[in-house]
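Subject: A structure for you to explore

Hello,

Here is the structure I said I would pass on to you. Please open it beside this email and follow along as you read.

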Amino acid sequence: MAQNASNACAESTLAGGPVLSPRLFEKFSRFVTTQLGIKMPASKRTMLQSRLQKRLRQLRLRTFEEYYDFVFSEEGRRQELSHLLDTATTNKTDFYREPRHYEVLTQTVLPDLIRHTGAGLRRPLKVWSAGCSTGAEPYTLAMELSEMATRIDGFKFQILATDICTRVLGVAYNAVYEEREAHPVPMVCKKKYLLRSKDRNRPRIRIAPDLRRLVEFRQLNLMDPDYGMPAALDIIFCRNVIIYFDRPTQFGVLSRLCRCLKPGGFLFMGHSETLNGFDLPLRAVASTVYRKLG
Ligand SMILES: C[S@@+](CC[C@H](N)C(=O)[O-])C[C@H]1O[C@@H](n2cnc3c(N)ncnc32)[C@H](O)[C@@H]1O
């Protein structure tokens, strides 16, 4: 009888799924913003609702209240929190996204670093892709730097790629993509660094093992107060990540990224991310490319 009464109360959307009430959305969104820095205004309620509805189905839960109780139970904290946080992230990425950055990298930034600091020759050049999503960005870097190594004798580099989202890190580590995703990759790199699947009904590519070995993937939350890295990096790509944060959070993340850069190191941001108005030890050297002072 009690079961029937609660059935009658469970609201559903027009499409038939359970409804995420504004009150419960507020609780989820506050949690997501505190943990990840990602802003979740009320306009994101439908997005979060539809993404979480899939999860409720998988867990065979009927209401968001049940899901909320589960997520914050002891068992849920261990098993479900990462799924909830994955749901809140936006992971759009592409190989050779914002291609002008790779021109600036190979034509200006690398020659400068090699000439003035010996990075890549006297010691390995250290690059970090922060917020790497499914891996297109660090693998693009690996292709470009490998091409550099064919032109400069003895050129060595290390690439660290991090993200908070467990799902995308799994994809990045496996390095299997739909073939159409590789369209922006230049033919010469396709031939050297990509393997094609034999299944022509679902054409896919995989990053070749030698290139995969050049990238180390790790989970890292940019909200952490300390990234556990000394000021040792030559280049950081943190593109299209802080755009989802509010201004104070952006400033905190950028300050910590700056601390990880060597003086004279370079920071690449997304094309719609401006650092105007932030008091940071950076100087613009090209559109959305910055150099650390000192
Ligand atoms: C839109 S993607 C950008 C991917 C890539 N940098 C590019 O420009 O193509 C943003 C990525 O930032 C990650 N992200 C969001 N908040 C984060 C946080 N607090 N710590 C680490 N990564 C985060 C997301 O999981 C997502 O994969």
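Before we start, one definition will help: Ala, Val, Leu, Ile, Met, Phe, Trp, Tyr, Cys and Pro count as nonpolar, while Asp, Glu, Lys and Arg count as charged, and the others, Gly among them, count as polar. Please also keep in mind that this is a predicted model.

Let's begin with the enclosed space. How many cavities of 30 Å³ or more does a search of the whole structure find? There is one, and its volume is about 40 Å³. Its lining is made up of T93, D94, F95, T134, A136, Y177 and E181. Sorted with the definition above, that lining has three nonpolar, two polar and two charged residues.

One of those lining residues, Y177, leads us to a sheet. Y177 stands opposite I205 in β5. Strand β3 and strand β5 (residues 204-207) run antiparallel and are joined by three bridges. They belong to an open sheet of three strands in the order β3-β5-β4, where the pairing is antiparallel. Why is one side of β3 (176-178) and of β4 (194-196) left without a neighbour in the sheet? Both stand at the edges and each has a single partner strand, so one side stays unpaired there. From one strand to the next, the twist averages 35 degrees.

There is also an open sheet of seven strands, and its order is β6-β2-β1-β7-β8-β10-β9, with mixed pairing. At its edges you will find β6 (215-219) and β9 (282-286), each of which pairs on one side only. Here the twist averages 25 degrees from one strand to the next. For a pair to look at, try strand β8 (residues 261-269) and strand β10 (residues 289-292), which pair in the antiparallel sense over three bridges. Within this pair, F266 stands opposite R291 in β10.

Helices pack on this sheet too. Helix α12 (residues 247-260) touches β1 (125-130), β7 (233-238), β8, β9 and β10, and its direction makes about 135 degrees with that of β8. Helix α9 (residues 166-174) lies across β2 (157-163) and β6, and runs at about 165 degrees to β6.

Next, have a look at two helices that meet each other. The axes of helix α3 (residues 45-59) and helix α6 (residues 81-88) come within 10 Å and cross at roughly 145 degrees. Is the crossing of α3 and α6 right-handed or left-handed? It is right-handed. On the α3 side, the contact is made by L48, R51, L52 and R55, and on the α6 side by H83, L84, T87 and A88. By class, these contact residues are four nonpolar, two polar and two charged.

The same helices help to line a pocket. The second largest pocket holds about 310 Å³ of space, and R51, K54, R55, Q58, H83, D86, T87, T89, N91 and R167 line it. Two elements, α3 and α6, give two or more residues to this lining, and α3 provides the largest share, with four residues. The lining has no nonpolar residues, five polar and five charged.

Finally, the largest pocket contains about 430 Å³ of space. Its lining has 25 residues, and T90, G131, D163, N240 and V241 lie nearest the centre. By class, the lining divides into 11 nonpolar, nine polar and five charged residues.

Enjoy exploring, and write back with any questions!

Best wishes

Conventions
Residues numbered from 1 in each chain as written. Predicted model: local features only at pLDDT ≥ 70, side-chain atom pairs only at ≥ 80, totals over all residues. Heavy atoms only, no water. Pairing = 2+ DSSP bridges. Axes fitted to C-alpha atoms, helices over the stretch in contact; angles between N-to-C directions. 1 Å grid on protein atoms, 1.4 Å probe; cavity = no way out; pocket = protein on both sides within 12 Å on 5 of 7 lines; lining within 4 Å. Points joined across faces, edges and corners; volume = space filled by probe spheres on them. Left-handed = near helix turned anticlockwise from the far one by under 90°. Contact = heavy atoms within 4.5 Å.
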